[in-house]
Amino acid sequence: MNRAEIRQITESIKRGETGYLEVVSEGNRYVRKFQPKERLIILGGGHVSMPVCHIAAMERGKRAGTENVPAIAAMATALKEA
């Protein structure tokens, strides 16, 4: 692995693309996949979006999209007011 390969992977990630590192050693091929950090994007969430974003930040973005969003928003609002 040289600096050019590292730079290429880093630039791919900055552009939001996946970068790959391939190494062949003793006839074996190893591939490592580097992905950009996932982001939460909420469109048209209105007043519900802020509590959802707050909870997602607490969960470090590891939240399924099929959760009970109204209940999550209500819980976030209740925690904020408590």
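These notes cover one helix, one loop residue and the salt bridges of a predicted model.

1. Helix α3. This helix runs over residues 69-81, which makes 13 residues. At 1.5 Å a residue, α3 should span 18 Å, and its end C-alpha atoms are indeed 18 Å apart, so the expected and computed spans agree.

2. The buried side of α3. I72, A73 and A76 are buried in this helix. They are on the same side of α3 because they cover an arc of only 100 degrees around the axis. Helix α2 (49-58) is included in what covers the buried residues of α3.

3. The other side of α3. Here P70 and E81 are exposed. The helix thus has buried residues, namely I72, A73 and A76, with P70 and E81 exposed on the other side.

4. Backbone at E26. Most residues other than glycine have a negative phi. E26 is not a glycine, yet its phi is positive, at about 50 degrees. The residue sits in the loop that links β1 (19-25) and β2 (28-34). E26 counts as exposed because its relative accessibility is 79%, and the cut-off for that class is over 50%.

5. Salt bridges overall. Side chains of opposite charge can pair when their charged atoms come close. Searching the whole structure gives 3 salt bridges. They are taken in turn below.

6. E11 and K14. The closest N and O atoms of this salt bridge are 3.9 Å apart, and the cut-off is within 4 Å. Both residues belong to helix α1 (residues 3-14), where they are 3 residues apart, about one turn of the helix. E11 has 36% relative accessibility and so counts as partly exposed. K14, at 63%, counts as exposed.

7. R15 and E17. The side chains of these two residues form a salt bridge with an N to O distance of 3.0 Å. R15 is exposed, its relative accessible area being 53%. For E17 the relative accessible area is 38%, which means that E17 is partly exposed.

8. E22 and R29. A salt bridge joins this pair, with 3.1 Å between the closest N and O atoms. E22 is partly exposed at a relative accessible area of 46%, whereas R29 counts as exposed at 57% relative accessibility. E22 falls within the residue range of β1 (19-25), and R29 within that of β2 (28-34).

Terms used:
Residues numbered from 1 in each chain as written. Predicted model: local features only at pLDDT ≥ 70, side-chain atom pairs only at ≥ 80, totals over all residues. Heavy atoms only, no water. Helix = DSSP H or I, 4+ residues; strand = E, 2+ residues; numbered from the N terminus. Expected span 1.5 Å × (residues − 1). Buried < 20%, exposed > 50% of the residue type's maximum accessible area, 1.4 Å probe, protein only. Arc of directions from axis to C-beta. Contact = heavy atoms within 4.5 Å.
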